[in-house]
Amino acid sequence: SSALLEHTTGNRNIALGGVAMYRTGGTNASASDDNIAIGYGTMGGDWSGSGSDGSSTKNIAIGNYAMDGVMVAAHNNVGIGYAALGALTEGDANVVVGYESGLDMTTGDDNTLLGYKAGENITASDQNVIIGSGAGATMASGINNCVLVGFSAGDAINSGDAAGTVAIGYHSGTTLTSGQWCTLLGYEAGYSNSTGNSMTALGYQAGYYNTTDNNTFVGMEAGL
């Protein structure tokens, strides 16, 4: 199966599956310890290594092609699902569960992604919590500290200006792209707001049509 084919000096690694963790012979990368790779091609990328220590340690990848990028000193990550964390290079302490969730992440740190394609386009953003199918789907780099929970919550966010957004509920903040300092809680809360800043919407479809700044909506269909 070629699992661990190039891994010569690392300790306590477990690789199960065809070509799992098999191209780890880059500069010092073969000394990587305490990794678990289960699935075809899992952790199967070319660990090229750089500098004095290119080892990657204490990572867990379960699912075909999960965490199969060119890993260079990536530590303490968990990727579960087909191609989860499939492009990871140097990111640390990410927990990602779901089909192609975190697919494009390369150097992001401390992200928690759960759901089908959750945060799939994140590359170098940090400290986000994204839970739900398609949530945070267009986030890329420099968008940090967001909490997005629900089907397609915050799925249009594409600017670092939206860092710190809280959107919880089905399609909450679904059209938000760059609006700052928004807190949206409820089914379709803040649904139409794209660039409006400092919006607080709490309740079923609260602030549904609002697109301007500095507004607060509390209650079912508030502001409709």
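A residue counts as partly exposed when its relative accessible area falls between the 20% under which residues are buried and the 50% over which they are exposed. In this predicted model, Lys117 fits that description, because its relative accessible area is 23%. Lys117 is found in the loop that links strand E6 (112-114) to strand E7 (129-131). Its backbone also deserves a look: phi of Lys117 is near 55°, a positive value in a residue other than glycine. Most residues other than glycine have a negative phi.

A second residue invites the reader's attention in a similar way. Glu221 has a phi near 55°, again positive although the residue is not glycine. Glu221 lies in the segment that follows strand E12 (215-218). With a relative accessible area of 34%, Glu221 is partly exposed.

Stepping back to the whole chain, the architecture is pleasantly simple to describe. The chain contains twelve strands and zero helices, so that from the N terminus on each element in the run is a β strand. The C-alpha trace spans about 65 × 30 × 20 Å along its principal axes. Among contacts in the chain with a separation of 6 or more, 7% are made by residues 24 or more positions apart.

Burial and surface complete the picture. Of the 224 residues of the chain, 49% count as buried. The chain exposes about 8700 Å², and carbon and sulfur atoms supply 53% of that area. As for charge, the chain has 4 positive and 19 negative side chains, and the centres of these two sets lie 13 Å apart.

Notes
Residues numbered from 1 in each chain as written. Predicted model: local features only at pLDDT ≥ 70, side-chain atom pairs only at ≥ 80, totals over all residues. Heavy atoms only, no water. Helix = DSSP H or I, 4+ residues; strand = E, 2+ residues; numbered from the N terminus. Buried < 20%, exposed > 50% of the residue type's maximum accessible area, 1.4 Å probe, protein only. Contact = heavy atoms within 4.5 Å. Areas by Shrake-Rupley, 256 points an atom, 1.4 Å probe, with all protein chains shown as cover. Lys, Arg positive; Asp, Glu negative; His and termini not counted. Charge placed at Lys NZ, Arg CZ, Asp CG, Glu CD.
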